[in-house]
Amino acid sequence: MPAEKMPVPLLDLKAQFDSIKPQVMAAVEQVFDNQGFILGPTVAQAEKTLAQYLGVPEAIGVSSGSDALLLSLMGLGVGPGDGVITTPFTFFATAGAVYRLGARPIFADIDPEDFNLDPAKVEELLAGPLPAKPKAIIPVHLFGQPARMDRIMELARAHGLAVVEDAAQAIGARYPGAAGVAPVGGLGDTGCFSFFPSKNLGAAGDGGLITASDPELAAKLRSMRTHGSHPKEKYRHIYVGGNFRLDAMQAAVIMAKLPRLSDWSDARRKNAGDYDRMFADSGLVNKGLIKTPKRLWPETAESHVYNQYVLRARDRDGLLKHLQGDKIGCAVYYPTPLHMLECFADLGYRAGDLPVAEAAAGEVIAIPVYPELSPAQKERVVEAIAAFYR
Ligand SMILES: *Cc1c(COP(=O)(O)O)cnc(C)c1O
């Protein structure tokens, strides 16, 4: 096969594993050796290390990013009849967690530049009549870039709302706010992370993390993660929680990989910067055929961790087919804004209600940006896109 026709996957987890296999396998073996599969020192150590890494006082290992969101909302007392303001342009779990608790997702439109919740739209919502009394806001740091948190926090404080950050795609991203540069996850009341294998810090299965700065809330979440059990007395339950524990095995895998995370994020940023330049040089941007993703704070080195590199493209569906036929990995995140999903039909949204998110859903395409991507692979991706528009 000629080199220029080599397939380029959207993500190559095997390449990453090959580079760290001895460390991961040793960590897993240790869990088997001590047979401590449920919580215990492996999870406690991971929580301590991750809390330090994320610059927060408390981190609670949980079963997935989805459960991090669900448990956060449970801990904050979100329940039937409450409203939770969030973005329609995110993975389903963000709004699913709200709905599962009998609360109502209230969608605010996104900013066309960064695809994140538009604070001006949140402000508009809060000024008008709402279908449910709001109790919380969930900003999502989509594709690895922080939402505009200063304004979101101001609005939340002014209206007495809790803030749950959905940082599933953004571990290690740092937000340059008025108070200084700080990692995402420590800005709101809780931060929710996912160790799903395709996230920037991926486990060997499901896993997640909640960060919390209030020690009382952290203690409550820690208890609710094991059916609301009392921290000292067995079979005494002080809340109705669930089984939301992080597996020790997954904690071990994450700990083995964590020392490499900032290098991987650097490599993702390097790839994104290379694409920005290559697409500009290709003329595709000037001709209005594609739009490269906007980096909001390029002067802050770690302000984006590029879980995805997402273009807007003319004739997106045509480009998608062309790339698939050419064996270039690509995907659409997300093809349907959440307010248009059939399972949320009872919320009463219609096409046109959130036009920025709806337009984005029709135009976006993610291309490979994973750390191990080679210069030749990047050239091949750019060339394949250029070929489509010739
Ligand atoms: C992946 C993801 C989640 C859910 O995480 P899981 O670990 O897969 O449950 C939630 N929100 C966003 C934005 C995600 O990308």
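**Exercise 1. Ends of the chain that meet other parts**

Task: Find where Lys5 is placed, and work out how far its C-alpha atom is from that of Asp326.

Solution. Step 1: Lys5 is found in the segment before α1 (13-18); helices here are DSSP runs of H or I with at least four residues, strands are runs of E with at least two, and both are numbered from the N terminus. This is a predicted model, in which local features need pLDDT of at least 70 and side-chain atom pairs count only at pLDDT 80 or more, while totals for chains, interfaces and linings use all residues. Residues are numbered from 1 along each chain as its sequence is written, and side-chain values use heavy atoms, with hydrogens and water left out.

Step 2: Lys5 has 42% relative accessibility, so it counts as partly exposed. Buried means under 20% relative accessible area, exposed means over 50%, and partly exposed is in between (1.4 Å probe, protein chains only).

Step 3: Lys5 and Asp326 are 321 residues apart along the chain, and their C-alpha atoms are separated by 7.6 Å.

**Exercise 2. Two more pairs**

Task: Place Phe17 and Ala366, then give the C-alpha separation of Phe17 from Lys257 and of Ala366 from Ala26.

Solution. Step 1: Phe17 lies in helix α1 and is partly exposed, because its relative accessibility is 28%.

Step 2: Between the C-alpha atoms of Phe17 and Lys257 there are 9.5 Å, with the two positions 240 residues apart along the chain counted as their separation.

Step 3: Ala366 belongs to strand β12 (residues 364-367). At 1% relative accessibility, it is buried.

Step 4: Ala366 and Ala26 are 340 residues apart in sequence, and in space their C-alpha atoms are 34 Å apart.

**Exercise 3. The ligand and its shell**

Task: Describe which residues surround the ligand and which side chains offer polar atoms to it.

Solution. Step 1: The ligand is surrounded by 16 residues, and the closest are Gly65, Ser66, Asp166, Ser194 and Lys199. A residue counts as near if one of its heavy atoms lies within 4 Å of the molecule.

Step 2: Sort the shell by type. Six residues are nonpolar, eight polar and two charged. In this scheme Ala, Val, Leu, Ile, Met, Phe, Trp, Tyr, Cys and Pro are nonpolar, Asp, Glu, Lys and Arg are charged, and the others, Gly among them, are polar.

Step 3: Look for helices in the shell. Both α4 (65-75) and α5 (93-100) supply at least two residues, and α4 gives the most, with three residues.

Step 4: Now list the polar atoms. A side-chain N or O atom of Asp166 is 2.8 Å from a nitrogen atom of the ligand. In the side chain of Gln169, an N or O atom is 2.8 Å from a ligand oxygen. Ser194 has a polar side-chain atom 2.6 Å from an oxygen atom of the ligand.

Step 5: Check the cover. Of the 380 Å² of accessible area that the ligand has on its own, the protein covers 93% (Shrake-Rupley method with a 1.4 Å probe; for residues, only the protein chains shown count as cover).

**Exercise 4. A buried asparagine**

Task: Find the polar partners of Asn200.

Solution. Step 1: Asn200 is in the loop between β8 (190-194) and β9 (208-212). Its relative accessibility is 4%, so Asn200 counts as buried.

Step 2: One polar atom of the Asn200 side chain lies 2.9 Å from the backbone oxygen of Val305.

Step 3: The side chains of Asn200 and Asn307 are joined by a polar contact of 2.8 Å. Such a contact is a pair of N or O atoms within 3.5 Å; within protein, one must be able to donate a hydrogen and the other to accept it, and residues adjacent in sequence count only if both atoms are side-chain atoms.

**Exercise 5. Backbone exceptions**

Task: Locate a cis peptide bond and two residues with positive phi.

Solution. Step 1: Start from the usual case. Most residues other than glycine have a negative phi, and most peptide bonds are trans.

Step 2: The peptide bond from Tyr333 to Tyr334 is cis, with omega near 10°. Tyr333 lies in the loop between α11 (316-325) and α12 (355-363), and is partly exposed at a relative accessible area of 23%.

Step 3: Gln35, in the loop between α2 (21-34) and α3 (40-54), has a positive phi near 55°.

Step 4: Tyr235 is not a glycine, yet its phi is positive at about 65°. This residue lies in the loop between α8 (215-224) and α9 (248-257) and is exposed, with a relative accessible area of 71%.
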